[in-house]
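Colleague: I should like a close look at one part of this model, namely the protein surface near the DNA. Please treat the strands one after the other, and add a note on the aromatic rings at the end.

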2 protein chains.
Amino acid sequence: MATIRDVAKLAGVSVSTVSRVLNKNGYVHTETENKVADAIQRLDYEPNAVARGLANQKTMTLALILPDITNPYFPLLSKAVENVARAYGYSVILCNADDHLGEPKSYIELLRQAYIGGIIFATHALEPQDIDYLNKHQIPFVVLDRAPTRQYSVVRSRNYEGAKLAVRHLLDSGCRQIAHIYGPPEIFTASERRQGYMDSVQAYDWYRPELMVPGDFQLEGGMEAAKQLMERHPDIDGIFAGNDLMAVGALKALLRMGIKVPEQVAICGFDGIFLTEVIEPELTTIAQPIYEMGALAVKILLGKIAGSDDLDQVHELEVSLVVRQSTKRGKLE
Amino acid sequence: MATIRDVAKLAGVSVSTVSRVLNKNGYVHTETENKVADAIQRLDYEPNAVARGLANQKTMTLALILPDITNPYFPLLSKAVENVARAYGYSVILCNADDHLGEPKSYIELLRQAYIGGIIFATHALEPQDIDYLNKHQIPFVVLDRAPTRQYSVVRSRNYEGAKLAVRHLLDSGCRQIAHIYGPPEIFTASERRQGYMDSVQAYDWYRPELMVPGDFQLEGGMEAAKQLMERHPDIDGIFAGNDLMAVGALKALLRMGIKVPEQVAICGFDGIFLTEVIEPELTTIAQPIYEMGALAVKILLGKIAGSDDLDQVHELEVSLVVRQSTKRGKLE
DNA sequence: ATCAGATGTGGTACCGGTACCATATTTAGC
DNA sequence: GCTAAATATGGTACCGGTACCACATCTGAT
């Protein structure tokens, strides 16, 4: 494999000059530049990424840390991250955080000694001490789906407003008793959505706290919760699930119980994952711009790496109601 | 960040000695080793991965190249790869090949100049010249789902046998006219499955070539194909789809047409992705050991990196029939 | 004509490890 | 007691880039 010294020798110049040509910094005579370009071409030279990383104390690699890539929310997100990163010359290292929780050496230290350029956190397993560590060592990072704060840059979407949108849509579809399956309270987005639900329904006389039941953001939790809800409150005619996976679980449970969707019970999810279009009936959902969120996260991160410090701390994206079969009932009863 | 020289200074030894302690090679007196270990501890020293990579001309990083992570087959595979790789101290770079097909500089060159340790190809966009390149530059690699050959190590599963298993199961479930939706002919696994179907049904008097229709291994292709099949051959009572995604598509199309599954038509897929358990009715499928395939691929790759050259070239794993609702009909008519 | 600043190029220390070679000391065999 | 091998340690070139510094030449303004 050709090195910069080989190129220098062939072009009859010093390595400094070749380096200048490569990085387009410093003065280089056009004629010299051509000679160097020619040598590069002839040797099929490519600068070595590792050597560059060592010299610059920084590599063209980003890390994406997420709970579990098999969760259907994350493939699209990671695709966005990878695509945009690559467009800017960066590679992406994938880290499934859930599988390595109790590990002695944290991911972050591992990444630092690999001179990683920056990190995107799509996991909730990010502790305050990790944040301190990142800031102390000046490692650029962006966080997804977190509470707004001045401690870091966040990319998120309007969960609260989305939840209100969902409830409004269910009401508009003729539902008169809407339950909510909420996600784990330690996940901030789940709480926001729950709050959106509460604030939307509290004024109605049919509302009772028992209409809110916990799920785990997984399929099973949704099934379980829906079953429980329908057994205890048979007159529920609408379910708003805190995420799509639970909504699909709820749908599954209802179908098994012989309850017709949307005729007897309408269902609305949250996230806008591909799965909602696969099942039958297709699921109405509050769609987050997942790809855009991933793409934006990378762009902000690259901005930070480049040194811009004045990037907005919070980037909140709009969600949108996607109406599908699961809420298409004969309006108004 | 502490370097090896800092450790050497603190321990009162040379960098060579520290290096020997770190890599456990060469002679080091126990007492000296303790001093060094102590210094490492005190400085919270971690050897720098990039510097190591440069010195060794090899990094602790693997690349996983796949068509598209949003295809539901790949998240579990990539999780397996990442898990096992990390257990051995390796990181994994994710590459979505589909999105970068026509690019001037191939992925592989990019990875080589990053001193990547090895590559796992789960994509079909691997050309013969790429393979020459890999071999020429001695880059260890493993390929998934390819035809057996002596050119490289392959991890695959018994597609042909699986297809026969699927047809047998449909027959056992009482189907008397079984159609097949096959995947793209350029994908070898799709052809194997098709062949398995053909060899299983050819002897029956009901068999006609028109019972085989092409799909694209995607949801849409499955829907389209199923629709066409049922319109042209209303007496079909069983469909074997070349993969789960098309099977789910077929199911969706049938449900929309008001055809009952499994009562009127039974459906069997192939792959064993999570999606088959999510939908209702749940889908019978020929399950590949996806996680195990990923894990095995990494292990073989690591073996190659370590220098074992005698690893079996072809590793073929067993598939298994997973019977679910979509084929549970009142047996024998 | 003079000189400051712009332009152009080379030399080389450094990034943080590895591994080869040299050297010193200890152990063991005869 | 002598020599070969084993044990123990240090010095340093090298991996392949970057970037600072030194130095030379060329412009253009006064």
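Modeller: What follows takes the two DNA strands in turn and then turns to the rings. The model is predicted, and the distances below should be read as properties of that model.

I begin with DNA strand C. It has 31 residues around it, and those that come nearest are Ser16(A), Arg20(A) and Thr32(A), together with Ile4(B) and Arg5(B). Among the atoms of DNA strand C within 4 Å of the protein, 58% are part of sugar or phosphate, while the rest belong to bases. Individual polar contacts illustrate both kinds of partner. On the base side, an N or O atom in the side chain of Arg20(A) is 2.7 Å from a base oxygen of DNA strand C. On the phosphate side, the side chain of Tyr115(A) places an N or O atom 3.5 Å from a phosphate oxygen of this strand. Asn48(B) uses its backbone instead: one of its backbone N or O atoms lies 3.1 Å from a phosphate oxygen of DNA strand C. As for secondary structure, two or more residues of this surface are given by each of helix H2 (15-23) and helix H4 (49-56) of chain A, and by each of helix H1 (4-11), helix H2 (15-23) and helix H4 (49-56) of chain B. H4(B) provides the largest share, five residues. By residue type, the surface near DNA strand C consists of 13 nonpolar, 14 polar and four charged residues.

DNA strand D can be described in the same order. Of the 31 residues around this strand, the nearest are Ile4(A) and Arg5(A) from chain A and Ser16(B), Tyr27(B) and Thr32(B) from chain B. Within 4 Å of the protein, 58% of the atoms of DNA strand D belong to sugar and phosphate. Arg5(A) approaches a base: a polar atom of its side chain lies 2.5 Å from a base nitrogen of DNA strand D. Two further side chains address the phosphates. Asn23(A) has a polar side-chain atom 3.2 Å from a phosphate oxygen of DNA strand D, and for Tyr27(B) an N or O atom of the side chain is 2.6 Å from a phosphate oxygen. The elements giving two or more residues to this surface are helix H1 (4-11), H2 and H4 of chain A, with H2 and H4 of chain B. Here H4(A) gives the most, with five residues. The surface near DNA strand D comprises 13 nonpolar, 14 polar and four charged residues.

There remain the aromatic rings. Over all chains, the structure holds twelve aromatic pairs. In one of them, the ring centres of Phe240(A) and Phe270(A) are 6.4 Å apart with the planes at 45 degrees, so this pair is tilted. It joins distant parts of the chain, since Phe240(A) belongs to strand S8 (residues 238-241) and Phe270(A) to strand S9 (residues 266-271) of chain A, 30 residues apart. Both residues, Phe240(A) and Phe270(A), are buried. A stacked pair is formed by Tyr204(B) and Trp206(B), at 5.4 Å centre to centre and 25 degrees between the planes. Tyr204(B) is partly exposed, at 32% relative accessible area, whereas Trp206(B), at 13%, counts as buried. Finally, ring pairs link Phe121(A), Phe141(A) and Tyr152(A) into a cluster.

Notes. Residues are numbered from 1 along each chain as its sequence is written. Chains are lettered from A and ligands numbered from 1 in the order in which they are written. This is a predicted model: local features need pLDDT of at least 70, side-chain atom pairs count only at pLDDT 80 or more; totals for chains, interfaces and linings use all residues. Side-chain values use heavy atoms; hydrogens and water are left out. A residue is near a molecule or strand if one of its heavy atoms lies within 4 Å of it. A polar contact is a pair of N or O atoms within 3.5 Å; within protein, one must be able to donate a hydrogen and the other to accept it, and residues adjacent in sequence count only if both atoms are side-chain atoms. Helices (H or I, at least four residues) and strands (E, at least two) are DSSP runs, numbered from the N terminus. Ala, Val, Leu, Ile, Met, Phe, Trp, Tyr, Cys and Pro count as nonpolar, Asp, Glu, Lys and Arg as charged, and the others, Gly among them, as polar. Rings of Phe, Tyr and Trp (its six-membered ring) pair if their centres lie within 6.5 Å; planes under 30 degrees apart count as stacked, over 60 as edge-to-face and the rest as tilted. Buried means under 20% relative accessible area, exposed over 50%, partly exposed in between (1.4 Å probe, protein chains only).
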